[in-house]
Amino acid sequence: MKNKNQTIKNIVSCIGFFAVFAIIYYYVQLLLIPKSQFNSTAAVDGFYALEENSQDVIFLGSSQTFCTVDNRILEKEYGIESYDFGASSQQLGITYYYLQECLKTQQPKVIMVEMCMVFRPDNEFAEFAIAWNYAPTKLSYEQVVSAKKLFDGDMRKTVNYCILPLFIYHSRWEMLE
């Protein structure tokens, strides 16, 4: 009986340790994700806060989108509820993932996709820009599939960019204030 109680205590201790470790790990990742006044990926937090099926138009794409679309003017002058769900250097494959994420909670009448990145070869994208696009989104099956396609099936990179982005941002400790 004593061994059984000790075994249960050990199991509970291990589960507790890993739970605390996972929570600390999650918040350290949030701390290390780059932030700036031009952080286009801040739009992701706003998107997740939207009321379900509240948008008539969704804009997707790279910085050409979020630098030119003014949702307030569309709403004020035309009564069009819209959201700019673009992010810096957003490749077309990532734009498709953002569209999938969008359609989980919204049923827009119009989806506008900025196409400038279609002319840019995939090998010209910096991995940091890819991380910038995946980091603020919720972990999902679609995200993992998108990253796996983007990295030509490289599961190590897929896991690092989707599940363990701390490995991507580990060098940012010196930049923290």
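I began with the sheet of this predicted model, and found an open one of three strands in the order β2-β1-β3, paired in the parallel sense. I noted β2 (82–84) and β3 (110–113) as the edge strands, since each of them pairs on one side only. From one strand to the next, I read an average twist of 15°.

I then looked up how β1 (residues 57–60) meets β2, and recorded a parallel pairing over three bridges. For Phe-59, I found the bridge partner in β2 to be Asp-84.

Next I turned to the helices on the sheet. I saw that helix α4 (residues 71–78) packs there with contacts to β1 and β2, its direction making about 170° with that of β2. Helix α5 (residues 92–102) also packs on the sheet, where I found it touching β1 and β3, and its direction makes about 155° with that of β1.

My search of the whole structure for aromatic pairs gave nine. I looked at Phe-85 and Tyr-98, whose ring centres are 4.7 Å apart and whose planes stand at 45°, so I entered the pair as tilted. Because Phe-85 lies in the loop between β2 and α5 while Tyr-98 belongs to helix α5, this pair ties together parts 13 residues apart in sequence. I checked the accessibility of both partners: Phe-85 is buried at a relative accessible area of 0%, and Tyr-98, at 1%, counts as buried too.

Following the ring pairs further, I found that they link Phe-47, Tyr-48, Tyr-83, Phe-85, Tyr-97, Tyr-98 and Tyr-134 into a cluster. Last, I looked at Tyr-48 and noted the charged end of Lys-138 over its ring, 4.5 Å from the ring centre.

Note on methods: Residues numbered from 1 in each chain as written. Predicted model: local features only at pLDDT ≥ 70, side-chain atom pairs only at ≥ 80, totals over all residues. Heavy atoms only, no water. Pairing = 2+ DSSP bridges. Helix = DSSP H or I, 4+ residues; strand = E, 2+ residues; numbered from the N terminus. Axes fitted to C-alpha atoms, helices over the stretch in contact; angles between N-to-C directions. Contact = heavy atoms within 4.5 Å. Phe/Tyr/Trp six-rings, centres within 6.5 Å; stacked < 30°, edge-to-face > 60°. Buried < 20%, exposed > 50% of the residue type's maximum accessible area, 1.4 Å probe, protein only. Lys NZ or Arg CZ within 6 Å of the ring centre and 35° of its normal.
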